[in-house]
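Grab a pencil and try each exercise before you read its solution. Keep the sequence and the 3D view open as you go.

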Amino acid sequence: MLNTHSIWFTAIVSLIGFAGVMTWRVREGRTAVTVRKIVIPPLGMSTGFCMFLVPAFRVPWAWAGIAFLAGAILLAWPLVATSRLIRDGDAIMMHRSGAFFAVIVALALIRFLARSYLDSVMTLEQTGGLFFILAFGMIVRWRVRMLMEYRALTRP
């Protein structure tokens, strides 16, 4: 069971991380999209699976599958629905609807609330591992969709 200080520390670190991601997203939206910019984030993120080499982070395969599918099917859908690629002259640019950042905030809130519950029924490491898998499912589905759109826009 987590103590009050751990919960506050986790919340503060999560908010700092969220602010960093939001800043990155705003800056990223001002530059042209390339295949490299689409593919690198999930590849870089995949190195996080090394955490499962440590026994404390391991979860049952069924839990991992459910987390991945929840991320890829349920939670990636709003990202896919609120962002698309458009041609702007010779460049391909990300066009986000006005709801995109609201979706990011809502997803962060859902994650924070779910984590509060899950931390009470499993270890902190297992919760972190499951949320990593969930986030990986989200980014893979979103980036695969972006790659398909990019290829359609750059096809001669």
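**Exercise 1. Work out whether isoleucine 12 is buried, partly exposed or exposed, and what surrounds it on the surface.**

Solution. Keep in mind that you're working with a predicted model.

- Step 1: Find the residue. Isoleucine 12 sits in helix α1, which covers residues 4-28.
- Step 2: Get its relative accessibility, which is 46%.
- Step 3: Compare with the cut-offs: buried means under 20%, exposed means over 50%, and partly exposed is in between. Isoleucine 12 therefore counts as partly exposed, at 46%.
- Step 4: Look around it. Ile12 joins Trp8 and Ile16 in a nonpolar patch on the surface, and together they have about 370 Å² of accessible area.

**Exercise 2. Describe the overall make-up of the protein chain: which elements does it have, and in what order do they run?**

Solution.

- Step 1: Count the elements. You should get five helices and two strands.
- Step 2: Read them off from the N terminus: α-α-α-β-β-α-α.
- Step 3: Check the dimensions. Along its principal axes, the C-alpha trace spans about 55 × 30 × 20 Å.
- Step 4: Look at burial. The chain has 156 residues, and 35% of them are buried.
- Step 5: Look at the surface. The accessible surface comes to about 9,700 Å², with 72% of that belonging to carbon and sulfur atoms.
- Step 6: Look at the contacts. Take those between residues at least 6 apart in sequence, and 77% of them join residues at least 24 apart.

**Exercise 3. Find out which residues of helix α4 are buried, and where they lie around the helix.**

Solution.

- Step 1: Check the length. Helix α4 (residues 100-118) has 19 residues and reaches 27 Å from its first C-alpha to its last, close to the 27 Å expected at 1.5 Å a residue.
- Step 2: List the buried residues: Phe100, Val103, Ile104, Leu107, Arg115 and Leu118.
- Step 3: Look down the axis. The buried residues of α4 fall within an arc of 105°, so they line one face of the helix.
- Step 4: Recall the geometry. An α-helix has 3.6 residues a turn, so residues three or four places apart point the same way.
- Step 5: Turn to the other side of α4, where Leu109, Leu113 and Tyr117 are exposed.

**Exercise 4. Do the same for helix α2: which residues are buried, and which are exposed?**

Solution.

- Step 1: Helix α2 (residues 35-46) has 12 residues and reaches 17 Å from its first C-alpha to its last, close to the 16 Å expected at 1.5 Å a residue.
- Step 2: Ile38, Pro41 and Pro42 are buried in α2.
- Step 3: These residues cover an arc of only 85° around the axis, so they're on the same side of α2.
- Step 4: On the other side of α2, Arg36 and Leu43 are exposed.

**Exercise 5. How many salt bridges does the whole structure hold, and which residues form a salt bridge?**

Solution.

- Step 1: Remember the idea: side chains of opposite charge can pair when their charged atoms come close.
- Step 2: Search the whole structure, and you find one salt bridge.
- Step 3: Name the partners. Glutamate 149 pairs with arginine 145, and their closest N and O atoms are 3.6 Å apart.
- Step 4: Place them. Glutamate 149 and arginine 145 are four residues apart in helix α5, so about one helical turn separates them.
- Step 5: Compare their surroundings. Glutamate 149 is buried, with a relative accessible area of 15%, whereas arginine 145 is partly exposed at 32%.

**Exercise 6. What do glutamine 126 and threonine 127 touch, leaving out residues up to four places away in sequence?**

Solution.

- Step 1: Locate them. Glutamine 126 lies in helix α5, and so does threonine 127, in a helix that covers residues 124-154.
- Step 2: Check burial. Glutamine 126 is buried at 18% relative accessible area, and threonine 127 is buried at 0%.
- Step 3: List the contacts. Glutamine 126 touches Ala56, Phe57, Arg58 and Val59, while threonine 127 touches Arg115, Leu118, Asp119 and Met122.
- Step 4: Go to Arg58 and look back. Arginine 58 lies in the loop between α2 and α3, and its contacts beyond four places in sequence are Phe52, Leu53 and Gln126.
- Step 5: Check its exposure. Arginine 58 is partly exposed, with a relative accessible area of 43%.

Definitions and conventions:
Residues are numbered from 1 along each chain as its sequence is written. This is a predicted model: local features need pLDDT of at least 70, side-chain atom pairs count only at pLDDT 80 or more; totals for chains, interfaces and linings use all residues. Side-chain values use heavy atoms; hydrogens and water are left out. Patches are made of residues with over 30% relative accessible area and no salt bridge: like charges are joined within 9 Å, nonpolar side chains (Val, Leu, Ile, Met, Phe, Trp, Tyr) within 5 Å. Accessible areas come from the Shrake-Rupley method with a 1.4 Å probe; for residues, only the protein chains shown count as cover. A salt bridge is a side-chain nitrogen of Lys or Arg within 4 Å of a carboxyl oxygen of Asp or Glu. Buried means under 20% relative accessible area, exposed over 50%, partly exposed in between (1.4 Å probe, protein chains only). The expected span of a helix is 1.5 Å times one less than its number of residues. The arc is that of the directions from the helix axis to the C-beta atoms. Contact means heavy atoms within 4.5 Å.
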